[in-house]
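Please open the model in your viewer and keep the sequence panel beside it, so that each selection can be followed in both. The tour goes stop by stop, and at each stop you are told what to select and what to look for.

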Amino acid sequence: MSVSVSNLKVAILGFGTVGSSVARILCDLKPQGIELTHIYNRNVARKRAEWVPSPVHWTEDFETILASDVNVVLELVGGLDPAGTWVRRALEAGKSVVTANKKLIAFHGIELEKLARSKGAHLLYGAAVAGGIPVIPGLQQGLAGDQVTRIEGILNGTCNFILSKMEEGAEFADVLREAQGHGYAEADPTEDVDGYDARAKLVILSRLALRADIDPEQISCRSIREVSAIDFEYARELGCTIRQIARAELRGGDVLASVGPMLVSKASPLAWSRGTENTVLVGGRYGGDVVFSGHGAGGHPTAVAVVSDVIGIAHGSRAVDLPSRKTAIGGEFLLRHSIRFVVSDQPGIIAEIALALAEQGINIHAIFQKPGYGKSNLPFVVTVEPCAVSTLQRALARIGKMTCLLEKQFDLQILEPEEDRISH
Ligand SMILES: NC(=O)c1ccc[n+]([C@@H]2O[C@H](COP(=O)([O-])OP(=O)(O)OC[C@H]3O[C@@H](n4cnc5c(N)ncnc54)[C@H](OP(=O)(O)O)[C@@H]3O)[C@@H](O)[C@H]2O)c1
């Protein structure tokens, strides 16, 4: 028995890193029923590649694509505009769209999905989260039979590259420069290191996995810029490393979500991601934890996800149910924290810290002080029992006024294994 496959004519918008890799795969593999017919880019003449077969039409006029018999538009330009306008216009014209644009899908995905359905078209975005790792199809198909209750992910390869290098002893500024040299980080690294890129991806995953449509701005985002090499030394004492973690969880009727650096147990698969790799842990009510891991970015891995979506459309891929209304963030994670202090040593420091914490009902768990530092510039770490970030911040506001502090204290949440968290 043969499976029926539609014949699709495909246009690529944006012949950059991902767009050219998609063209390369389509030209090499020639998937059944899929024909690349148009490539669109500004100043297109400089983009022409001799390995693209001659019938493919190169254009710098988007209207040519709209007026053509193309069935599927691959939006590989990025950003909210003009990419968003082109996606809307393609869908309005009844063409299906495949995109790798996490920002567009995080901010306008639901509206675009509705538009696609009203036109009998598809909107697929498997490449928008974790590049070549099939997390989105995994959630939409493989895990559709479970009730997902939590997602924890390393969703930004740039941050993972920086933090896994810092784990070896380097300082943030040096590794950022190295990442920029490799092309892993933009000249302005804000989107990556301050957490906005991971936040957009978390919004998309929460929608698909938790059926929660969260406004990106509601998710608290913390930068990795303040993490320093000494934080890794103390992380080791705790059997942990530090990673940028994007997490969302259903708790009762509420959704909790955050993005930022966390201490992660070395026993967790989230600690095993090195370099630009991504890892996503999905916790299901019936099936337990499932881990997706691999290359979260790069032209070829991302292009694989785009081409897989096009093949999905050719095979009649069906859309999944999406949340019908917005979900507000309802509360905070209660976790253990580790707080790093650097002080000019004098009697009474621990007593004063303990008092400020106790005033907020926070219990000290342990105190760590590594040997080898002088009293005039002494780092030490205090870990505390589970509490909300906002409660800890109140205590730290008071502690921050202590005159012995040589720099602002730095706190990290500790992501413990799920079984240990339940007992708190
Ligand atoms: N690269 C990755 O590893 C990766 C991973 C996952 C998802 N993505 C997503 O994939 C999408 C594409 O990323 P990319 O890395 O391939 O970007 P890119 O290399 O910068 O490619 C974008 C292409 O679009 C063209 N373009 C930009 N603005 C345009 C405009 N106004 N009119 C016409 N053409 C325009 C650019 O032309 P010029 O050459 O003239 O600038 C370039 O050829 C983005 O949404 C990104 O977030 C990328």
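## First stop: a residue after a helix

Select Lys-30, which is exposed because there are 12 other C-beta atoms within 10 Å, and a residue counts as exposed at 12 or fewer. Please keep in mind from here on that this is a predicted model. Lys-30 is placed in the loop between helix 1 and strand 2, and it has a positive phi of about 45° although it is not a glycine.

## Helix 1

Now step back along the chain and select residues 17–29, which form helix 1. Does the distance between the ends fit the number of residues, and what span should you expect for 13 residues at 1.5 Å a residue? The expected span is 18 Å, and the end C-alpha atoms are 18 Å apart, which agrees.

Next, colour the buried residues of helix 1, which are Val-18, Gly-19, Ser-20, Ser-21, Val-22, Ala-23 and Leu-26. If you then display strand 1 (8–13), strand 2 (34–40), strand 4 (72–75) and helix 11 (299–314), you will see the elements against which these buried residues pack.

## The shell around the ligand

Select the ligand together with the 22 residues around it, and pick out Gly-14, Gly-16, Gly-78, Ala-100 and Ala-297, which come nearest. Helix 1 and helix 11 are the elements that give two or more residues to this shell, and the largest share, three residues, comes from helix 1. When you colour the shell by residue type, you should find eight nonpolar, twelve polar and two charged residues.

## The open sheet

Show the strands as arrows and look for an open sheet of six strands, whose order is 3-2-1-4-5-6 and whose pairing is parallel. At the edges are strand 3 (57–59) and strand 6 (123–124), each of which pairs on one side only. Strands of a sheet pair through backbone hydrogen bonds, either parallel or antiparallel.

For a detailed view, select strand 4 and strand 5 (residues 96–99), which pair in the parallel sense over four bridges; here Val-72 stands opposite Ser-96 in strand 5. Then follow the chain from strand 4 towards helix 3 (83–92), where Pro-82 lies in the loop between the two, and notice that the peptide bond from Asp-81 to Pro-82 is cis, with omega near 10°.

## Domains and a buried lysine

Colour the chain by its domain assignment, which gives domain 1 (8–124), domain 2 (135–294) and domain 3 (335–422). The C-alpha centres of domain 1 and domain 2 lie 29 Å apart, and the contact between them takes seven residues from domain 1 and seven residues from domain 2. On the side of domain 1 that touches domain 2, the residues divide into four nonpolar, one polar and two charged.

Now select Lys-102, which lies in helix 4 (residues 102–118). Is Lys-102 buried or exposed? Lys-102 counts as buried because it has 24 C-beta neighbours inside 10 Å, where 20 or more are needed. Leaving aside neighbours within four places in sequence, Lys-102 is in contact with Ala-128, Val-129, Ala-200, Lys-201 and Ile-204. If you add Arg-199 to the selection, you can check that its C-alpha atom and that of Lys-102 are separated by 9.7 Å, although the two residues are 97 residues apart along the chain.

## Arg-211

Move on to Arg-211, which is found in the loop between helix 9 (196–210) and strand 8 (220–221). Arg-211 has a positive phi of about 60° although it is not a glycine, and it counts as partly exposed because it has 17 C-beta neighbours inside 10 Å.

## Strand 16 and its two partners

Select strand 16 (residues 410–415), which is mostly covered, since five of its six residues are buried. Strand 10 (residues 254–265) pairs with strand 16 in the parallel sense over three bridges, and Leu-263 stands opposite Ile-414 in strand 16. Strand 13 (residues 335–343), by contrast, pairs with strand 16 in the antiparallel sense over four bridges, and there the bridge partner of Ser-338 is Leu-412.

## Last stop: Asn-363

Finally, select Asn-363 in the loop between helix 12 (349–359) and strand 14 (364–368). Asn-363 counts as exposed because it has 11 C-beta neighbours inside 10 Å. Not counting residues up to four places away in sequence, Asn-363 touches Val-384 and Glu-385; Asn-363 and Val-384 are 21 residues apart in sequence and 5.7 Å apart in space, C-alpha to C-alpha.

Terms used: Residues numbered from 1 in each chain as written. Predicted model: local features only at pLDDT ≥ 70, side-chain atom pairs only at ≥ 80, totals over all residues. Expected span 1.5 Å × (residues − 1). Contact = placed C-beta atoms within 7 Å. Near = placed C-beta within 6 Å. Nonpolar A, V, L, I, M, F, W, Y, C, P; charged D, E, K, R; others polar. Pairing = 2+ DSSP bridges. Domains from an automatic or database assignment.
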